[in-house]
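Q: Could you take me through this structure? I have not looked at it before.

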Amino acid sequence: MKPLLRSSVFILFLLVLFSTVNLPSIWALEPGTVPNSTSATPKNSENFPVFSEDRTLKGENAREDVYFEIGKGRKVLPGSFVDIEFGHATTLLSKTSTLTLLIDDTPVGSVLLDNSNKEKAHLRLDIANYLTNPGYRKLSLITHMVISDNACPDPNNPANWLTVSKNSSIHLNVGKNYANADLTWYPSPFFEKGSQQPIQSILVVPDEIEQVEFTAAARMVQFFSAQASASRINIPIYAESDLTDTILRENNTIWIGQTGHWKERGQAIEDAYRKQADPALQGQGFIGVGQSPWNSELNGLVITGKEEELNNAVSILTNESLYAQLLGQTTSIPASLKKTEALNPFKQGSPYTVTLEKIGYSNLSIGGMQQAGTTINYNLPAYADIENGARLTLAFKHSKSIDLGNSVIAVKLNGIPVDSHRLSEATSDSGLLEIDFTQDSIGASRRLEIEVTFQFANLTQNKQQEACVDPNLIGNWAVIDNSSSLTYTPVERKSFNLQSIPYSFVVNNRWNQTTFLFPDKIGTKELNIAMTAVGIIGRSAQDNTDLTMAKVSAAGLKDLLRDRNVLYVGTGKELPDFMNGFADSSVQFKGDQVTSLAKNVELLSNLQSRSAVIQLSRSPLNENKTLLLMAATSPDRISSISDVLTSPVESGKISGKFVVIDSLNKVHEFVEEPVPPKANAKPKSNQVRDFLTGRDQFELNGVVFIIAFIGMLAVIAGVIWLTLKRK
């Protein structure tokens, strides 16, 4: 009985223990995370897709490079691997056809391409030992495909192909690169560069958020969004009173607020981190990192101080050259910092030149094959259109060991050939190609894909007898210099729709007279939508001076907003009357419903209630300003707006003048008939004057023409009669 009793007591103890342990929720961590509350460096796992869509490699020799990043606060642990799912043509010769994987140009493994792996095959290789350092890393897939034993096979035979499935992935087990978090590792652990879910924290602001706190939070959100520029990320933000102990136990936290503005929880963490600071900092603003008071496995970051201190603290935490200097767990905030001027890349109507270096390219080295190329991508700024085309100035050099007279450089714009030239002795040292892209070739596209291809010809060893040329001669190379540039004349953007955002809220990397308008009670839901919009619209903004917030009850609201671009966040009930159903609006809110004012657009009952609207229009107060409505029919539907803004699928449907989000968070877009141009009344014609001046001669009244003609004949006859009479 005693052993049985001891066993029962032990089991009861385990049940009590596990029922009281608060494990972090899966959604708050990285995808695939297995929570581990006992390890100082919990192991998380991530799966990165190698390609977003199936990718086909063609020709005798082909190569695809994929880049990914490991943040400085993380290390790759054993068990990390790459898994390539592929299939290939059955015509390949198995003895000589191969697929090879490399990490940073170091071979990891190869496989022969034969009938055993002709479809849905997998090549899985361990890569942990190749990823010992953080930073950008490169995965390369190289194929060699042969279909004939002939002495002179055709390297471009269409039967030479291998397809890599979009299911291929890079699987990384990652852990912390440090024992205890401090400012040295910032932005880790709050933001992990290179992660599939980079934001690893929630933001917290005081209740009744004030302008300086709103601006500080917005700058932090813009910084994090810019670090993950390839995706739309939702950065959760909470008003302090909306926090629960469960939320705090499950998340890293970043607290942004003025000293003395916190309530119980905010004051508690500020006091805890202040104790670890230099006593000289007592009473001053500071930046501090430490263990979370609610979960020792997680961390908190406190940014607090008076108005100027808060601004300077955020300036440090959003500028890598400054935060890279931080050490320890706490730091004081300088009384002043040098002001950084926001980049002002161009003036509308004046020619603007951007180099490859400016848009992030280093020198582009290509070659190793008979035909090799690269693609340069450039996105037009959202607030500008191109007028009168553009000019590409391409600086390059290439090998001298090729057959210069028969080697060619060719350029395509958005898949359309625009120019080609033969290579020469002169271009081998310093080639310069100037190509004019016509406005027609650019079209309405806002993304310019410039494809540069070199086709190398090689001299045969014996001109009397044709010999096969190795398509992989190491002498086949070219380098495109990153001083190469694109010149165009930007003009004010003409289109005005949801696709044109961030115009006109952000112009020339600055917030452009923009105000977020909130209900009187600003809660977590409203803050989340606002900060999601800030992250998407303002990720390129480097100057928040002209970004403000206001409440609907503000005195003199119309005058306050008259010269502002406005983003409204809230419910239709709380929308000011002058913003609801005005002349340029496509919708109108009535109670808990929304109806369409657009011609030939009708909303059925499913969209009239339990829905949300995103609408872009001219401001009802100023036709030269913009109003973006992000409004829901009821409070429970407000969060659907931020869900849609960050959805990879639904966000792509946000177009036109307005969209409606249904109760399932699906976006419904509508095509409105364009407003016909205002017809100007044609002035009445003075037909005698027009006749005498030669204008509108085909519209003259016939009677007037005859009278005028007879009058002229009479004058001529009179002159003749007087002349004859004098004689």
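A: The points below concern a sheet, its helices, the nonpolar cores and one loop residue. Please note that this is a predicted model.

Q: Let us start with the sheet. In what order do the seven strands come, and what is the pairing?

A: The order is 30-29-31-35-34-36-37, in an open sheet with mixed pairing. Strand 30 (547–551) and strand 37 (667–669) are the edge strands, each pairing on one side only. On average, neighbouring strands of this sheet are turned by 20 degrees against each other, direction ignored.

Q: How do strand 34 and strand 35 run, and how many bridges join them?

A: Strand 34 (residues 612–619) and strand 35 (residues 622–632) run antiparallel and are joined by eight bridges. In one of these pairs, Ile614 has Met630 of strand 35 as its bridge partner.

Q: Which strands does helix 9 touch?

A: Helix 9 (residues 524–537) packs on the sheet and touches strand 29, strand 31 (565–571) and strand 35. The direction of helix 9 makes about 160 degrees with that of strand 29.

Q: And helix 2, which strands does that one lie across?

A: Helix 2 (residues 211–227) lies across strand 29 (514–518) and strand 30, and runs at about 130 degrees to strand 30.

Q: Moving to the interior: which residues of the largest nonpolar core touch the most other members?

A: That core has 71 residues, and those touching the most other members are Phe224, Leu301, Ile303, Phe516, Ile614 and Met630. Helix 2 gives the most to this core, with nine residues.

Q: What is Met630 in contact with?

A: Leaving aside neighbours within four places in sequence, the contacts of Met630 include Ile529, Ala533, Leu567, Val569, Ile614, Ile641 and Leu645.

Q: What about another core, apart from that one?

A: Another core of 33 residues lies apart from the largest one, and Val354, Ala390, Val411 and Leu433 are among its members.

Q: Now helix 5. Which residues are buried there?

A: In helix 5 (residues 307–317), the buried residues are Leu310, Asn311, Asn312, Ala313, Val314, Ile316 and Leu317. They pack against helix 2, strand 13 (252–258), strand 14 (286–292), strand 15 (295–305) and helix 6 (320–323).

Q: Last topic: where is Ser195?

A: Ser195 is in the loop between strand 10 (169–176) and strand 11 (201–205).

Q: Does Ser195 count as buried or exposed, and why?

A: Ser195 counts as buried because its relative accessibility is 9%, and buried means under 20%.

Q: With which side chain does it make a polar contact?

A: The side chain of Ser195 makes a polar contact with the side chain of Glu46, at 2.5 Å.

How values were computed: Residues are numbered from 1 along each chain as its sequence is written. This is a predicted model: local features need pLDDT of at least 70, side-chain atom pairs count only at pLDDT 80 or more; totals for chains, interfaces and linings use all residues. Side-chain values use heavy atoms; hydrogens and water are left out. Two strands pair if DSSP finds at least two bridges between them. Helices (H or I, at least four residues) and strands (E, at least two) are DSSP runs, numbered from the N terminus. Axes are lines fitted to C-alpha atoms, for helices over the stretch in contact, and angles run from 0 to 180 degrees between N-to-C directions. Contact means heavy atoms within 4.5 Å. A nonpolar core is a set of buried Ala, Val, Leu, Ile, Met, Phe, Trp, Tyr and Cys residues joined through side-chain atoms within 4.5 Å. Buried means under 20% relative accessible area, exposed over 50%, partly exposed in between (1.4 Å probe, protein chains only). A polar contact is a pair of N or O atoms within 3.5 Å; within protein, one must be able to donate a hydrogen and the other to accept it, and residues adjacent in sequence count only if both atoms are side-chain atoms.
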